Amino acid sequence: MEKVELGKSYDAEELAKLCGFDIGDVRYETYVFEGEKAKVIAQDEGNGVIKVLEIIRQTPICPACGEEIGTIYTSRTVHLNHVDGKWVEEQVDRYCTHACSKCLEEFSPTELDYLDVPEEIR
Ligand SMILES: [Zn+2]
């Protein structure tokens, strides 16, 4: 039995055999697409169509202006309260606004969902 060698190219069936893995059910290949804007795992569905299986990371894109954004402005007000001997932050206003740092458009809760902003920090 041959062992698998790093950097060597194999026929898919041969490699599967060397790994002791049944290639019978594997009809499509998966790939990692990695660039500056995103890293995803995708599957070749044939005819040039690629389906995204997993998003590892992705730069947020403003739903209003389409620009990449790394900052969301908020109108949130906090007070610093001295509680049990230490300073803690308390959010004062229940309702606050969130806006794109590029176009200043205000985001709706749906748009914040789209941007994957966690509920706890809104
Ligand atoms: Zn924007």
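Let's begin with confidence: across the protein chain of this predicted model, the mean pLDDT is 87, and 94% of the residues reach 70 or more. Broken down by element, the lowest mean pLDDT, 79, belongs to helix α1 (residues 12-19), while β7 has the highest, at 97.

Now for the overall layout. The protein chain holds 2 helices and 7 strands, and a walk along the sequence meets them in the pattern α-β-β-β-β-β-β-β-α. The radius of gyration is 24 Å, well over the 14 Å that the globule rule gives for 122 residues, so the protein chain is more spread out than a compact globule. The C-alpha trace spans about 70 × 40 × 25 Å along its principal axes. Burial can be read alongside these dimensions: buried residues account for 2% of the 122 residues. As for contacts between residues at least 6 apart in sequence, 25% of them join residues at least 24 apart.

The domain assignment offers a handy way to divide the tour, giving domain 1 (12-58) and domain 2 (72-121). Between the C-alpha centres of domain 1 and domain 2 there is a distance of 38 Å.

Let's take the sheet of β1, β2 and β3. These 3 strands form an open sheet in the order β1-β2-β3, with antiparallel pairing. Its edge strands are β1 (30-34) and β3 (49-58), each of which pairs on one side only. From one strand to the next, the twist averages 25°.

It is worth following the pairings strand by strand. β1 meets strand β2 (residues 38-46) in the antiparallel sense over 5 bridges; to place yourself in this pairing, find Thr-30, whose bridge partner in β2 is Gln-43. On to the next pairing: β2 and β3 run antiparallel and are joined by 8 bridges. Here a good landmark is Ile-41, which stands opposite Glu-54 in β3. β2 and β3 form a hairpin with 2 residues between them, and Asn-47 in the turn has a positive phi of about 50°. That value deserves a second look, because most residues other than glycine have a negative phi. Is β3 buried or in the open? Of its 10 residues, the number buried is 0, so β3 lies largely in the open.

Further along the sequence comes another hairpin, made by β5 and β6. Strand β5 (residues 78-83) has 6 residues, of which the number buried is 0, so β5 also lies largely in the open. Its pairing with strand β6 (residues 86-91) is antiparallel and runs over 6 bridges. Val-83 has Lys-86 as its bridge partner in β6. In this hairpin 2 residues sit between the strands, and Asp-84 takes a positive phi near 50°.

After β6, pause at Thr-97, which is placed in the loop between β6 and β7. Is Thr-97 buried or exposed? Thr-97 has 11 other C-beta atoms within 10 Å, and a residue counts as exposed at 12 or fewer, so Thr-97 is exposed. Which residues does Thr-97 touch, leaving aside its neighbours within four places in sequence? The contacts are Thr-74, Ser-75 and Glu-106. Thr-97 can also be related to Arg-122: the two are 25 residues apart in sequence, and their C-alpha atoms are 8.9 Å apart in space.

Two more residues with positive phi round off the tour. Leu-104 lies in the loop between β7 (98-100) and α2 (109-114). Its phi is near 65°, a positive value in a residue other than glycine. Leu-104 is exposed, with 10 other C-beta atoms within 10 Å. Where is Asp-116 placed? Asp-116 is found in the segment after α2. Although Asp-116 is not a glycine, its phi is positive, at about 60°. Asp-116 is exposed, with 9 other C-beta atoms within 10 Å.

Technical notes:
Residues numbered from 1 in each chain as written. Predicted model: local features only at pLDDT ≥ 70, side-chain atom pairs only at ≥ 80, totals over all residues. Helix = DSSP H or I, 4+ residues; strand = E, 2+ residues; numbered from the N terminus. Rg over C-alpha atoms; globule rule 2.2 N^0.38 Å. Buried ≥ 20, exposed ≤ 12 C-beta atoms within 10 Å, placed from the backbone. Contact = placed C-beta atoms within 7 Å. Domains from an automatic or database assignment. Pairing = 2+ DSSP bridges. Axes fitted to C-alpha atoms, helices over the stretch in contact; angles between N-to-C directions. pLDDT = per-residue confidence, 0-100.
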